[in-house]
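Trainee: Could you take me through one part of this model in detail? I would like a close look at how its pieces touch one another.

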Amino acid sequence: MHAFSYVKARTLKEATDTLLAHSEAKLLAGGMTLIPTLKARLAQPTHLIDIGGIEALKGISLKAGQLTIGAATRHVEVANSPVVKRAIPALAYLASQIGDPQVRNRGTMGGSLANNDPAADYPSAALSLNATIVTNRREIVADDFFQGLFTTALDSDEIITAVRWPVVGKSAYEKFPHPASGYAMAGAFVAHNTKGTRVAITGAGPGVFRWMEAEQALGKKMNAKALEALQLEAADLNEDMHGTKEYRANLAKVMTKRAVAKLSGK
Amino acid sequence: MAKVELTINGKNHCFEVEDRTLLVNLIRDHAQLTGTHVGCDTSQCGACTVHMNGEAIKSCTVFALQANGAQITTIEGLAKNGKLHPVQQAFTQCHALQCGFCTPGMIMSVAGLLKNNPKPTDEQIYHGLEGNLCRCTGYVNIVKAVKKSAELLATQKQSR
Ligand SMILES: Cc1cc2nc3c(=O)[nH]c(=O)nc-3n(C[C@H](O)[C@H](O)[C@H](O)COP(=O)(O)OP(=O)(O)OC[C@H]3O[C@@H](n4cnc5c(N)ncnc54)[C@H](O)[C@@H]3O)c2cc1C
Ligand code: FES
Ligand code: FES
(Lines give C-alpha, C1' and ligand atoms only; values in the text may rest on other atoms or scores of the structure.)
(Ligands and ions follow the chains in the order given, each with its own letter.)
Protein backbone atom coordinates (compact mmCIF):
# COMPACT_ATOMS: atom_id res chain seq x y z
CA MET A 1 0.00 0.00 0.00
CA HIS A 2 1.23 3.50 -0.81
CA ALA A 3 1.72 5.85 2.11
CA PHE A 4 -0.88 8.52 2.95
CA SER A 5 -1.80 10.77 5.85
CA TYR A 6 -4.74 9.73 7.97
CA VAL A 7 -7.02 12.51 9.19
CA LYS A 8 -9.81 11.87 11.66
CA ALA A 9 -12.63 14.33 11.00
CA ARG A 10 -14.73 15.19 14.03
CA THR A 11 -17.24 17.35 12.19
CA LEU A 12 -18.62 17.61 8.68
CA LYS A 13 -16.95 21.02 8.36
CA GLU A 14 -13.57 19.55 9.24
CA ALA A 15 -14.07 16.84 6.63
CA THR A 16 -15.14 19.34 3.96
CA ASP A 17 -12.25 21.71 4.72
CA THR A 18 -9.68 18.91 4.56
CA LEU A 19 -11.19 17.61 1.34
CA LEU A 20 -10.98 21.08 -0.21
CA ALA A 21 -7.41 21.61 0.99
CA HIS A 22 -6.02 18.48 -0.65
CA SER A 23 -6.98 17.70 -4.23
CA GLU A 24 -5.91 14.06 -3.92
CA ALA A 25 -7.65 13.37 -0.60
CA LYS A 26 -10.29 10.67 -0.26
CA LEU A 27 -13.05 10.02 2.25
CA LEU A 28 -12.86 6.89 4.37
CA ALA A 29 -16.11 5.58 5.81
CA GLY A 30 -16.31 1.84 6.57
CA GLY A 31 -13.24 1.13 4.46
CA MET A 32 -14.72 -2.12 3.20
CA THR A 33 -14.21 -1.07 -0.40
CA LEU A 34 -11.54 1.59 -0.09
CA ILE A 35 -9.00 -0.40 1.99
CA PRO A 36 -8.96 -3.38 -0.43
CA THR A 37 -8.63 -0.83 -3.27
CA LEU A 38 -5.63 0.79 -1.56
CA LYS A 39 -4.02 -2.59 -0.93
CA ALA A 40 -4.34 -3.39 -4.63
CA ARG A 41 -2.75 0.00 -5.36
CA LEU A 42 -5.72 0.96 -7.50
CA ALA A 43 -5.89 4.34 -5.78
CA GLN A 44 -3.19 6.60 -4.40
CA PRO A 45 -4.74 9.31 -2.24
CA THR A 46 -2.43 11.66 -0.33
CA HIS A 47 -4.88 11.91 2.57
CA LEU A 48 -7.61 9.71 3.96
CA ILE A 49 -10.31 11.62 5.79
CA ASP A 50 -12.07 9.30 8.23
CA ILE A 51 -15.72 10.35 8.43
CA GLY A 52 -16.77 7.22 10.33
CA GLY A 53 -16.81 9.04 13.66
CA ILE A 54 -18.89 12.08 12.70
CA GLU A 55 -22.06 11.87 14.80
CA ALA A 56 -24.06 14.14 12.44
CA LEU A 57 -23.69 11.51 9.70
CA LYS A 58 -25.20 8.73 11.79
CA GLY A 59 -28.64 7.62 12.80
CA ILE A 60 -32.04 6.58 11.57
CA SER A 61 -35.23 8.61 11.91
CA LEU A 62 -38.77 8.46 10.58
CA LYS A 63 -40.71 11.69 10.01
CA ALA A 64 -43.64 12.57 7.77
CA GLY A 65 -43.42 9.53 5.55
CA GLN A 66 -39.65 9.85 5.08
CA LEU A 67 -37.07 7.51 6.50
CA THR A 68 -33.80 9.39 6.89
CA ILE A 69 -30.61 7.40 7.32
CA GLY A 70 -27.25 9.05 7.97
CA ALA A 71 -24.53 8.30 5.42
CA ALA A 72 -22.18 6.80 8.01
CA THR A 73 -24.85 4.40 9.31
CA ARG A 74 -23.51 0.88 9.06
CA HIS A 75 -25.24 -2.00 7.24
CA VAL A 76 -25.71 -3.88 10.54
CA GLU A 77 -27.59 -0.92 12.01
CA VAL A 78 -29.96 -0.73 9.05
CA ALA A 79 -30.49 -4.51 9.10
CA ASN A 80 -31.36 -4.57 12.81
CA SER A 81 -33.23 -1.28 13.13
CA PRO A 82 -36.85 -1.73 14.33
CA VAL A 83 -37.68 1.59 12.64
CA VAL A 84 -36.38 0.45 9.23
CA LYS A 85 -37.96 -2.99 9.65
CA ARG A 86 -41.34 -1.36 10.21
CA ALA A 87 -41.08 1.41 7.60
CA ILE A 88 -39.32 -0.38 4.70
CA PRO A 89 -38.77 -4.03 5.64
CA ALA A 90 -37.20 -4.77 2.23
CA LEU A 91 -34.44 -2.25 2.98
CA ALA A 92 -33.59 -3.90 6.31
CA TYR A 93 -33.61 -7.28 4.58
CA LEU A 94 -31.34 -5.98 1.80
CA ALA A 95 -28.85 -4.69 4.37
CA SER A 96 -28.85 -8.07 6.14
CA GLN A 97 -27.76 -9.74 2.89
CA ILE A 98 -24.71 -7.54 2.18
CA GLY A 99 -21.41 -9.44 2.25
CA ASP A 100 -20.91 -11.04 5.65
CA PRO A 101 -21.28 -10.04 9.32
CA GLN A 102 -17.82 -8.51 9.58
CA VAL A 103 -18.43 -6.40 6.46
CA ARG A 104 -21.85 -5.33 7.75
CA ASN A 105 -20.29 -4.29 11.06
CA ARG A 106 -18.10 -1.74 9.22
CA GLY A 107 -19.55 -0.85 5.81
CA THR A 108 -21.85 2.17 5.47
CA MET A 109 -24.77 3.24 3.31
CA GLY A 110 -23.03 6.39 2.08
CA GLY A 111 -19.91 4.46 1.12
CA SER A 112 -21.91 1.94 -0.83
CA LEU A 113 -23.90 4.56 -2.75
CA ALA A 114 -20.84 6.75 -3.45
CA ASN A 115 -18.94 3.75 -4.73
CA ASN A 116 -21.82 2.58 -6.98
CA ASP A 117 -20.38 -0.86 -7.59
CA PRO A 118 -22.41 -2.45 -10.40
CA ALA A 119 -23.09 -5.46 -8.15
CA ALA A 120 -23.83 -3.57 -4.92
CA ASP A 121 -27.19 -3.93 -3.20
CA TYR A 122 -28.18 -0.44 -1.96
CA PRO A 123 -28.20 1.23 -5.41
CA SER A 124 -31.11 -0.99 -6.48
CA ALA A 125 -33.20 0.04 -3.47
CA ALA A 126 -32.34 3.71 -3.98
CA LEU A 127 -33.30 3.65 -7.67
CA SER A 128 -36.44 1.61 -7.18
CA LEU A 129 -37.76 3.79 -4.34
CA ASN A 130 -36.25 6.93 -5.92
CA ALA A 131 -34.55 7.87 -2.68
CA THR A 132 -33.01 11.31 -2.26
CA ILE A 133 -29.26 11.46 -1.71
CA VAL A 134 -28.49 14.43 0.54
CA THR A 135 -24.99 15.91 0.33
CA ASN A 136 -23.18 18.74 2.05
CA ARG A 137 -24.30 20.95 -0.85
CA ARG A 138 -27.54 19.73 -2.41
CA GLU A 139 -30.11 17.00 -2.78
CA ILE A 140 -29.92 14.54 -5.67
CA VAL A 141 -32.73 12.15 -6.55
CA ALA A 142 -31.62 8.61 -7.32
CA ASP A 143 -32.86 9.02 -10.92
CA ASP A 144 -30.04 11.54 -11.45
CA PHE A 145 -27.50 10.06 -9.03
CA PHE A 146 -26.41 6.78 -10.63
CA GLN A 147 -24.46 7.27 -13.86
CA GLY A 148 -23.08 3.84 -14.70
CA LEU A 149 -20.04 1.80 -13.67
CA PHE A 150 -18.63 3.25 -10.41
CA THR A 151 -19.92 6.68 -11.50
CA THR A 152 -22.30 9.01 -9.68
CA ALA A 153 -23.42 12.64 -9.84
CA LEU A 154 -21.15 13.45 -6.87
CA ASP A 155 -18.41 16.03 -7.34
CA SER A 156 -14.97 14.97 -6.17
CA ASP A 157 -15.24 17.17 -3.07
CA GLU A 158 -18.86 16.38 -2.24
CA ILE A 159 -19.92 14.36 0.81
CA ILE A 160 -23.12 12.35 1.17
CA THR A 161 -24.61 13.25 4.54
CA ALA A 162 -27.83 11.24 4.51
CA VAL A 163 -30.29 9.35 2.37
CA ARG A 164 -34.04 10.01 2.49
CA TRP A 165 -36.21 7.03 1.67
CA PRO A 166 -39.88 7.61 0.84
CA VAL A 167 -42.09 5.29 2.87
CA VAL A 168 -44.93 4.37 0.55
CA GLY A 169 -46.55 1.15 -0.55
CA LYS A 170 -44.78 -2.16 -0.59
CA SER A 171 -41.38 -3.30 -1.73
CA ALA A 172 -39.25 -6.43 -1.93
CA TYR A 173 -35.65 -7.35 -2.74
CA GLU A 174 -34.25 -10.61 -4.04
CA LYS A 175 -30.70 -11.32 -5.13
CA PHE A 176 -28.67 -14.24 -6.34
CA PRO A 177 -25.47 -13.71 -4.37
CA HIS A 178 -22.09 -14.57 -5.76
CA PRO A 179 -21.18 -17.58 -3.62
CA ALA A 180 -17.80 -16.16 -2.57
CA SER A 181 -18.34 -12.42 -2.07
CA GLY A 182 -22.09 -12.13 -1.57
CA TYR A 183 -22.27 -9.36 -4.21
CA ALA A 184 -25.29 -9.66 -6.51
CA MET A 185 -24.84 -11.78 -9.64
CA ALA A 186 -28.25 -10.28 -10.24
CA GLY A 187 -30.63 -8.59 -7.84
CA ALA A 188 -34.05 -7.02 -8.24
CA PHE A 189 -35.69 -4.41 -6.04
CA VAL A 190 -39.39 -3.96 -6.78
CA ALA A 191 -41.39 -1.09 -5.28
CA HIS A 192 -45.12 -0.67 -5.72
CA ASN A 193 -47.44 2.14 -4.67
CA THR A 194 -50.41 4.10 -5.94
CA LYS A 195 -48.14 6.05 -8.30
CA GLY A 196 -46.90 2.90 -9.99
CA THR A 197 -44.27 0.21 -9.93
CA ARG A 198 -40.50 0.57 -10.25
CA VAL A 199 -38.11 -2.30 -10.85
CA ALA A 200 -34.37 -1.73 -10.39
CA ILE A 201 -31.85 -4.37 -11.43
CA THR A 202 -28.34 -4.59 -9.97
CA GLY A 203 -25.47 -6.98 -10.66
CA ALA A 204 -26.52 -7.76 -14.20
CA GLY A 205 -25.41 -4.64 -16.05
CA PRO A 206 -22.55 -2.11 -15.90
CA GLY A 207 -24.62 -0.16 -13.38
CA VAL A 208 -28.00 -0.29 -11.69
CA PHE A 209 -30.88 0.30 -14.14
CA ARG A 210 -34.67 0.24 -14.33
CA TRP A 211 -36.38 -2.56 -16.23
CA MET A 212 -39.15 -0.56 -17.87
CA GLU A 213 -40.93 -3.43 -19.64
CA ALA A 214 -41.32 -5.24 -16.34
CA GLU A 215 -42.66 -2.07 -14.73
CA GLN A 216 -45.30 -1.73 -17.45
CA ALA A 217 -46.32 -5.37 -17.22
CA LEU A 218 -46.58 -5.16 -13.43
CA GLY A 219 -48.54 -1.90 -13.68
CA LYS A 220 -51.31 -3.88 -15.33
CA LYS A 221 -51.10 -6.90 -13.07
CA MET A 222 -49.01 -7.13 -9.87
CA ASN A 223 -48.25 -10.78 -10.29
CA ALA A 224 -45.09 -12.78 -11.03
CA LYS A 225 -46.91 -14.41 -13.95
CA ALA A 226 -47.14 -11.01 -15.64
CA LEU A 227 -43.38 -11.26 -16.28
CA GLU A 228 -43.47 -14.71 -17.82
CA ALA A 229 -43.44 -13.56 -21.44
CA LEU A 230 -40.79 -10.86 -20.94
CA GLN A 231 -37.13 -11.21 -21.80
CA LEU A 232 -34.56 -8.74 -20.48
CA GLU A 233 -32.34 -7.50 -23.34
CA ALA A 234 -28.98 -9.25 -22.85
CA ALA A 235 -26.81 -7.22 -25.25
CA ASP A 236 -25.80 -4.52 -22.73
CA LEU A 237 -25.33 -6.80 -19.72
CA ASN A 238 -22.12 -7.93 -18.04
CA GLU A 239 -20.22 -10.99 -19.08
CA ASP A 240 -17.33 -12.44 -17.07
CA MET A 241 -16.04 -15.73 -15.71
CA HIS A 242 -19.04 -15.93 -13.39
CA GLY A 243 -21.71 -15.86 -16.08
CA THR A 244 -22.70 -14.89 -19.62
CA LYS A 245 -24.97 -11.99 -20.57
CA GLU A 246 -27.83 -14.38 -21.32
CA TYR A 247 -27.38 -16.10 -17.96
CA ARG A 248 -27.55 -12.76 -16.17
CA ALA A 249 -30.60 -11.67 -18.18
CA ASN A 250 -32.42 -14.79 -17.09
CA LEU A 251 -31.20 -14.51 -13.50
CA ALA A 252 -32.44 -10.90 -13.31
CA LYS A 253 -35.85 -12.04 -14.51
CA VAL A 254 -35.97 -14.86 -11.96
CA MET A 255 -34.99 -12.46 -9.16
CA THR A 256 -37.66 -9.97 -10.29
CA LYS A 257 -40.29 -12.71 -10.27
CA ARG A 258 -39.25 -13.79 -6.79
CA ALA A 259 -39.37 -10.22 -5.52
CA VAL A 260 -42.82 -9.71 -7.04
CA ALA A 261 -44.06 -12.96 -5.52
CA LYS A 262 -42.71 -11.89 -2.13
CA LEU A 263 -44.32 -8.46 -2.43
CA SER A 264 -47.71 -9.50 -3.77
CA GLY A 265 -48.00 -12.96 -2.32
CA LYS A 266 -48.65 -14.13 -5.92
CA MET B 1 3.73 8.17 12.04
CA ALA B 2 0.99 8.60 14.58
CA LYS B 3 0.06 7.45 18.04
CA VAL B 4 -2.68 4.88 18.73
CA GLU B 5 -4.08 4.28 22.17
CA LEU B 6 -6.34 1.29 22.55
CA THR B 7 -7.24 -1.58 24.84
CA ILE B 8 -6.42 -5.13 23.82
CA ASN B 9 -7.91 -7.90 25.95
CA GLY B 10 -8.45 -5.44 28.78
CA LYS B 11 -4.91 -4.07 28.76
CA ASN B 12 -4.13 -0.48 27.74
CA HIS B 13 -1.59 -0.01 24.98
CA CYS B 14 -0.01 2.93 23.19
CA PHE B 15 1.92 2.43 19.94
CA GLU B 16 3.60 4.58 17.29
CA VAL B 17 2.45 3.31 13.91
CA GLU B 18 2.55 4.36 10.27
CA ASP B 19 -0.73 5.84 9.04
CA ARG B 20 -1.16 2.88 6.69
CA THR B 21 -0.58 0.22 9.37
CA LEU B 22 -3.44 -2.25 9.49
CA LEU B 23 -5.02 -3.21 12.79
CA VAL B 24 -3.95 -6.83 12.28
CA ASN B 25 -0.32 -5.74 12.01
CA LEU B 26 -0.63 -3.68 15.16
CA ILE B 27 -2.02 -6.74 16.94
CA ARG B 28 0.57 -9.19 15.61
CA ASP B 29 3.72 -7.07 15.29
CA HIS B 30 3.33 -4.34 17.89
CA ALA B 31 1.29 -6.09 20.58
CA GLN B 32 2.94 -9.43 19.70
CA LEU B 33 -0.34 -11.32 19.86
CA THR B 34 0.05 -13.76 17.01
CA GLY B 35 -3.11 -15.77 17.61
CA THR B 36 -4.88 -13.54 15.09
CA HIS B 37 -3.96 -14.83 11.64
CA VAL B 38 -3.66 -13.32 8.16
CA GLY B 39 -5.03 -15.70 5.55
CA CYS B 40 -5.89 -13.70 2.47
CA ASP B 41 -5.18 -10.04 3.27
CA THR B 42 -8.06 -9.27 0.87
CA SER B 43 -11.07 -9.21 3.26
CA GLN B 44 -12.30 -12.63 2.18
CA CYS B 45 -11.28 -15.33 4.65
CA GLY B 46 -12.00 -13.98 8.13
CA ALA B 47 -8.85 -15.51 9.69
CA CYS B 48 -8.04 -12.03 11.03
CA THR B 49 -11.40 -11.59 12.80
CA VAL B 50 -11.24 -9.86 16.19
CA HIS B 51 -13.82 -7.92 18.18
CA MET B 52 -13.73 -4.15 18.06
CA ASN B 53 -15.99 -2.63 20.74
CA GLY B 54 -17.71 -6.00 21.00
CA GLU B 55 -18.34 -6.57 17.28
CA ALA B 56 -16.62 -9.01 14.92
CA ILE B 57 -14.55 -7.24 12.27
CA LYS B 58 -11.80 -8.21 9.82
CA SER B 59 -8.68 -6.64 11.28
CA CYS B 60 -6.89 -6.77 7.91
CA THR B 61 -9.45 -4.29 6.61
CA VAL B 62 -9.29 -1.68 9.36
CA PHE B 63 -6.44 0.79 9.85
CA ALA B 64 -4.83 0.78 13.26
CA LEU B 65 -5.63 4.50 13.52
CA GLN B 66 -9.34 3.78 13.03
CA ALA B 67 -9.13 1.71 16.23
CA ASN B 68 -7.89 4.64 18.30
CA GLY B 69 -9.71 4.50 21.63
CA ALA B 70 -11.32 1.15 20.82
CA GLN B 71 -11.57 -1.98 22.91
CA ILE B 72 -10.16 -4.93 21.02
CA THR B 73 -10.60 -8.57 21.97
CA THR B 74 -8.46 -11.18 20.27
CA ILE B 75 -8.49 -14.96 20.58
CA GLU B 76 -5.94 -14.63 23.42
CA GLY B 77 -8.51 -12.66 25.41
CA LEU B 78 -11.24 -15.30 25.50
CA ALA B 79 -9.92 -17.77 28.09
CA LYS B 80 -10.46 -16.62 31.66
CA ASN B 81 -8.30 -17.75 34.61
CA GLY B 82 -6.76 -20.55 32.58
CA LYS B 83 -10.16 -21.90 31.58
CA LEU B 84 -11.10 -22.02 27.92
CA HIS B 85 -14.08 -19.96 26.75
CA PRO B 86 -17.19 -22.10 26.01
CA VAL B 87 -16.74 -21.61 22.25
CA GLN B 88 -13.12 -22.80 22.53
CA GLN B 89 -14.25 -25.80 24.58
CA ALA B 90 -16.91 -26.66 22.02
CA PHE B 91 -14.41 -26.45 19.14
CA THR B 92 -12.07 -28.94 20.86
CA GLN B 93 -14.92 -31.27 21.88
CA CYS B 94 -16.58 -31.31 18.44
CA HIS B 95 -13.32 -31.66 16.49
CA ALA B 96 -14.10 -28.42 14.70
CA LEU B 97 -10.53 -27.81 13.58
CA GLN B 98 -7.85 -29.63 11.65
CA CYS B 99 -4.89 -27.44 10.70
CA GLY B 100 -6.30 -24.72 12.96
CA PHE B 101 -5.37 -21.81 10.74
CA CYS B 102 -8.92 -20.49 10.40
CA THR B 103 -9.81 -21.30 14.01
CA PRO B 104 -9.01 -18.06 15.88
CA GLY B 105 -11.06 -16.04 13.38
CA MET B 106 -13.78 -18.66 13.28
CA ILE B 107 -14.09 -18.67 17.08
CA MET B 108 -14.25 -14.87 17.24
CA SER B 109 -17.02 -14.91 14.62
CA VAL B 110 -18.95 -17.61 16.48
CA ALA B 111 -18.64 -15.63 19.71
CA GLY B 112 -20.01 -12.58 17.87
CA LEU B 113 -22.84 -14.58 16.33
CA LEU B 114 -23.95 -16.11 19.63
CA LYS B 115 -23.85 -12.77 21.37
CA ASN B 116 -26.50 -11.46 18.98
CA ASN B 117 -28.38 -14.72 18.58
CA PRO B 118 -27.88 -17.17 21.49
CA LYS B 119 -29.81 -20.00 19.78
CA PRO B 120 -29.23 -19.86 16.03
CA THR B 121 -30.82 -22.25 13.53
CA ASP B 122 -28.64 -24.06 10.97
CA GLU B 123 -29.52 -21.44 8.34
CA GLN B 124 -28.60 -18.64 10.74
CA ILE B 125 -25.29 -20.35 11.50
CA TYR B 126 -24.42 -20.62 7.79
CA HIS B 127 -25.39 -16.97 7.24
CA GLY B 128 -23.51 -15.89 10.37
CA LEU B 129 -20.27 -17.57 9.32
CA GLU B 130 -20.30 -16.37 5.71
CA GLY B 131 -17.27 -14.19 6.40
CA ASN B 132 -15.04 -17.08 7.46
CA LEU B 133 -13.43 -19.70 5.24
CA CYS B 134 -12.08 -23.08 6.35
CA ARG B 135 -10.08 -25.18 3.93
CA CYS B 136 -10.00 -28.34 6.07
CA THR B 137 -13.10 -29.31 7.95
CA GLY B 138 -15.92 -29.06 5.42
CA TYR B 139 -17.71 -26.97 8.07
CA VAL B 140 -19.86 -29.85 9.40
CA ASN B 141 -18.08 -30.04 12.74
CA ILE B 142 -17.85 -26.27 12.94
CA VAL B 143 -21.64 -26.07 12.77
CA LYS B 144 -21.83 -28.77 15.46
CA ALA B 145 -19.44 -26.74 17.59
CA VAL B 146 -21.59 -23.63 17.23
CA LYS B 147 -24.58 -25.54 18.60
CA LYS B 148 -22.47 -27.01 21.38
CA SER B 149 -21.18 -23.51 22.18
CA ALA B 150 -24.76 -22.28 22.42
CA GLU B 151 -25.55 -25.05 24.93
CA LEU B 152 -22.43 -24.40 27.00
CA LEU B 153 -23.08 -20.66 27.06
CA ALA B 154 -26.69 -21.23 28.13
CA THR B 155 -25.68 -23.50 31.04
CA GLN B 156 -22.94 -21.08 32.03
CA LYS B 157 -25.54 -18.31 32.18
CA GLN B 158 -27.92 -20.47 34.26
CA SER B 159 -25.27 -21.48 36.76
CA ARG B 160 -24.40 -17.82 37.36
C1 LIG C 1 -15.87 -9.35 1.48
C2 LIG C 1 -16.78 -8.23 1.06
C3 LIG C 1 -18.06 -8.54 0.60
C4 LIG C 1 -18.92 -7.52 0.21
N5 LIG C 1 -20.16 -7.88 -0.24
C6 LIG C 1 -21.02 -6.91 -0.62
C7 LIG C 1 -22.34 -7.24 -1.07
O8 LIG C 1 -22.76 -8.40 -1.07
N9 LIG C 1 -23.15 -6.22 -1.45
C10 LIG C 1 -22.76 -4.92 -1.42
O11 LIG C 1 -23.54 -4.06 -1.78
N12 LIG C 1 -21.53 -4.58 -0.99
C13 LIG C 1 -20.66 -5.54 -0.59
N14 LIG C 1 -19.41 -5.17 -0.14
C15 LIG C 1 -19.06 -3.74 -0.10
C16 LIG C 1 -19.51 -3.11 1.22
O17 LIG C 1 -20.91 -3.00 1.27
C18 LIG C 1 -18.90 -1.72 1.46
O19 LIG C 1 -19.15 -1.43 2.80
C20 LIG C 1 -19.46 -0.58 0.66
O21 LIG C 1 -19.45 -0.82 -0.72
C22 LIG C 1 -18.62 0.67 0.86
O23 LIG C 1 -18.95 1.26 2.06
P24 LIG C 1 -17.82 1.72 3.09
O25 LIG C 1 -18.50 2.49 4.13
O26 LIG C 1 -17.05 0.54 3.50
O27 LIG C 1 -16.99 2.75 2.18
P28 LIG C 1 -15.43 2.99 2.00
O29 LIG C 1 -14.76 1.76 1.56
O30 LIG C 1 -14.89 3.68 3.17
O31 LIG C 1 -15.52 4.02 0.80
C32 LIG C 1 -15.94 3.64 -0.51
C33 LIG C 1 -15.89 4.86 -1.44
O34 LIG C 1 -16.93 5.76 -1.12
C35 LIG C 1 -16.43 7.05 -0.77
N36 LIG C 1 -17.29 7.52 0.32
C37 LIG C 1 -17.50 6.88 1.51
N38 LIG C 1 -18.41 7.56 2.25
C39 LIG C 1 -18.77 8.65 1.50
C40 LIG C 1 -19.68 9.73 1.71
N41 LIG C 1 -20.42 9.84 2.83
N42 LIG C 1 -19.80 10.67 0.73
C43 LIG C 1 -19.09 10.57 -0.41
N44 LIG C 1 -18.21 9.56 -0.66
C45 LIG C 1 -18.06 8.61 0.29
C46 LIG C 1 -14.99 6.80 -0.39
O47 LIG C 1 -14.19 7.93 -0.59
C48 LIG C 1 -14.60 5.67 -1.31
O49 LIG C 1 -14.28 6.15 -2.58
C50 LIG C 1 -18.51 -6.17 0.27
C51 LIG C 1 -17.24 -5.84 0.74
C52 LIG C 1 -16.38 -6.86 1.15
C53 LIG C 1 -15.02 -6.50 1.66
S1 FES D 1 -6.84 -11.99 6.37
FE2 FES D 1 -8.43 -10.62 6.81
S3 FES D 1 -10.09 -11.50 5.79
FE4 FES D 1 -8.46 -12.84 5.21
S1 FES E 1 -9.03 -26.03 10.18
FE2 FES E 1 -7.69 -25.72 8.53
S3 FES E 1 -8.51 -23.96 7.59
FE4 FES E 1 -10.01 -24.44 9.04
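Mentor: Happy to; we will go from the contact between the chains to the contact between the domains of one chain.

A word on the ground rules: this is a predicted model, in which local features need pLDDT of at least 70 and side-chain atom pairs count only at pLDDT 80 or more, while totals for chains, interfaces and linings use all residues. Residues are numbered from 1 along each chain as its sequence is written, chains are lettered from A and ligands numbered from 1 in the order in which they are written, and side-chain values use heavy atoms, leaving out hydrogens and water.

Let's begin between the chains. Here 27 residues of chain A are in contact with 24 residues of chain B (contact means heavy atoms within 4.5 Å). Together the two chains bury about 2000 Å², 54% of it on carbon and sulfur atoms; buried area is the accessible area (1.4 Å probe) that two parts lose on being put together, summed over both. Three salt bridges link chain A and chain B (a side-chain nitrogen of Lys or Arg within 4 Å of a carboxyl oxygen of Asp or Glu). B:Lys58 forms a salt bridge with A:Asp100, and their closest N and O atoms are 2.7 Å apart. On chain A, the side touching chain B draws at least two residues from each of strand E1 (5–8), helix H2 (34–39), strand E3 (47–50) and helix H6 (101–104). Helices (H or I, at least four residues) and strands (E, at least two) are DSSP runs, numbered from the N terminus. By class, that side of chain A has 13 nonpolar, eight polar and six charged residues; Ala, Val, Leu, Ile, Met, Phe, Trp, Tyr, Cys and Pro count as nonpolar, Asp, Glu, Lys and Arg as charged, and the others, Gly among them, as polar.

Now look inside chain B. Its domain assignment gives domain 1 (2–77) and domain 2 (86–158), with bounds from an automatic or database assignment. The C-alpha centres of these two domains of chain B lie 21 Å apart. Between them, about 1100 Å² is buried, with carbon and sulfur atoms giving 62%. In domain 1 of chain B, B:His37, B:His51 and B:Ile75 lose the most area to domain 2, together 41% of what that side buries. The count of salt bridges between these domains of chain B is zero. Strand E3 (49–52) and strand E4 (55–58) of chain B each supply at least two residues of the domain 1 side that touches domain 2, and the largest share, three residues, comes from E3(B).
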